[in-house]
Amino acid sequence: MENKKRMVSGITATGTITLGNYIGAIKNFVELQDKFEMYIFVANLHAITSPIDKLKLKNNIKSMVALYFACGLDPKKVKIFIQSEVLEHTQLGWILTCNSTLGELNRMTQFKDKSTKVKSSNGTEFIPTGLLTYPLLMAADILLYDPDFVPVGKDQKQHIELTRNIAERMNSKYGEMFKIPGDYIAKIGSKIMDLQDPTKKMSKSSDNPKSYISLLDDLKEVEKKIKSAVTDSENIVKYDPEKKPGVSNLITIYSSIKNQTIEETESYFKDKDYGQFKNEVTKCVCDLISSIQENYNKLYDSKEVEQWLEEGANSARFIANKKLNKVMNLIGLNYKRK
Ligand code: TYM
């Protein structure tokens with residue numbers, strides 16, 4: 001255990017987990033759990049950056065926890081916990097807020113995208129502050145654990161770069177306090193696209209449910225969504241994200257789930273038309289989802305899950321608390337300690 005490299009990551013509890021989250025993040029967590037010491041959490045504090053109904057939030061958290069285990073994360077190997085149960089995250093978040101600049105945060109593309117949506121309907125004054133500052137909480141989530149790598153999808157790369165910049169700056173200002181984390185981004189599936197507009201990322205906060213697949217969708221719905229996914233009129237199953245974004249997205253989904261290369265998928269579908277292609281993509285996604293849902297139904301109300309979460313939070317707290325103390329000492333916040 002001691003010699004293993006460490007990873008930390010989380011998923012925001014704003015909705016149910018999408019196929020994009022699964023392929024871009026969870027699938028990698030599951031594959032890496034034997035090789036790395038892992039800390040995986042439900043980012044519930046990140047879920048309140050925009051207004052969210054209380055009951056919905058509670059349900060999301062409970063459902064997300066059960067899904068983590070249902071997807072194959074093994075509580076004997078991975079420490080799973082709820083972010084807000086380790087108070088050190090918010091405390092370090094504040095310290096990092098005081099060591100960052102408005103310029104850095106304004107440059108974050110996720111902030112630009114999300115704030116533009118609010119701006120266009122309500123005006124700048126109504127952009128929630130949390131949308132701007134949440135990358136700092138994310139940086140705290142990471143830096144508390146001294147991870148070697150952070151497994152994420154492509155859209156989070158910029159936030160990890162910001163985390164590294166802040167860590168480097170603070171190390172040189174106050175003395176060595178943080179390990180500089182790398183990102184771990186899978187070769188296939190790091191950006192699964194929207195099924196209705198394949199030039200956009202698949203997102204759980206989309207207004208159109210046809211544009212994403214949730215791991216808890218009814219299988220009939222999944223079939224409809226894949227069958228109505230936007231493709232093109234060529235009827236040739238070929239990977240070309242520029243010219244054929246819809247087909248390329250389905251190829252990526254299929255390749256990732258089947259654990260094969262893009263070339264292998266292309267050659268398998270060489271003589272098949274879009275009808276056959278979509279049928280097989282549907283089958284492979286439905287097989288995956290139905291086995292996850294079977295596990296999910298067993299785990300949803302299980303007492304064992306609560307036990308695992310408690311153990312996960314205790315392990316996380318132990319590490320996070322030591323790190324926070326070190327940071328506080330180096331900054332001068334613990335006045336009695338030298
Ligand atoms: P979130 O909740 O938006 O996404 C969770 C993870 O899923 C990946 N992802 C995708 N991958 C491929 N295709 C997609 N369409 C897709 N959509 C999402 C994301 O890249 C991410 O890895 N702020 C983070 C959560 C977070 C976090 C952290 C992550 C909070 N603290 C610390 C890592 C470390 C977020 O909103 O991710």
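**The ligand and the strand beside it**

In this predicted model, an oxygen atom of the ligand sits 2.4 Å from an N or O atom in the side chain of D155, a polar contact (a pair of N or O atoms within 3.5 Å). The side chain of N21 also joins in, with a polar atom 3.1 Å from an oxygen atom of the ligand. On the backbone side, a polar atom of M202 lies 3.0 Å from a nitrogen atom of the ligand. Taken alone, the ligand exposes 700 Å², and the protein buries 96% of that (Shrake-Rupley areas, 1.4 Å probe). β1, α1, β2 and α6 (129-143) each bring at least two residues to the shell around the ligand; helices (H or I, at least four residues) and strands (E, at least two) are DSSP runs, numbered from the N terminus.

Now for β2. Eight of the eight residues of this strand (residues 36-43) are buried, so β2 is largely enclosed by the rest of the structure; buried means under 20% relative accessible area (1.4 Å probe, protein chains only). F36, M38, I40 and V42 cover one side, while E37, Y39, F41 and A43 are on the other. In a regular strand, side chains alternate between the two faces of the sheet.

β2 runs parallel to β1 (residues 5-12), joined by eight bridges, and pairs in the parallel sense with β3 (residues 78-82) over five; strands pair if DSSP finds at least two bridges between them.

Residues are numbered from 1 along each chain as its sequence is written. Local features need pLDDT of at least 70, side-chain atom pairs count only at pLDDT 80 or more, and totals for chains, interfaces and linings use all residues, while side-chain values use heavy atoms, without hydrogens and water.

Notes. Buried < 20%, exposed > 50% of the residue type's maximum accessible area, 1.4 Å probe, protein only. Polar contact = N/O pair within 3.5 Å; in protein donor to acceptor, adjacent residues only side chain to side chain.
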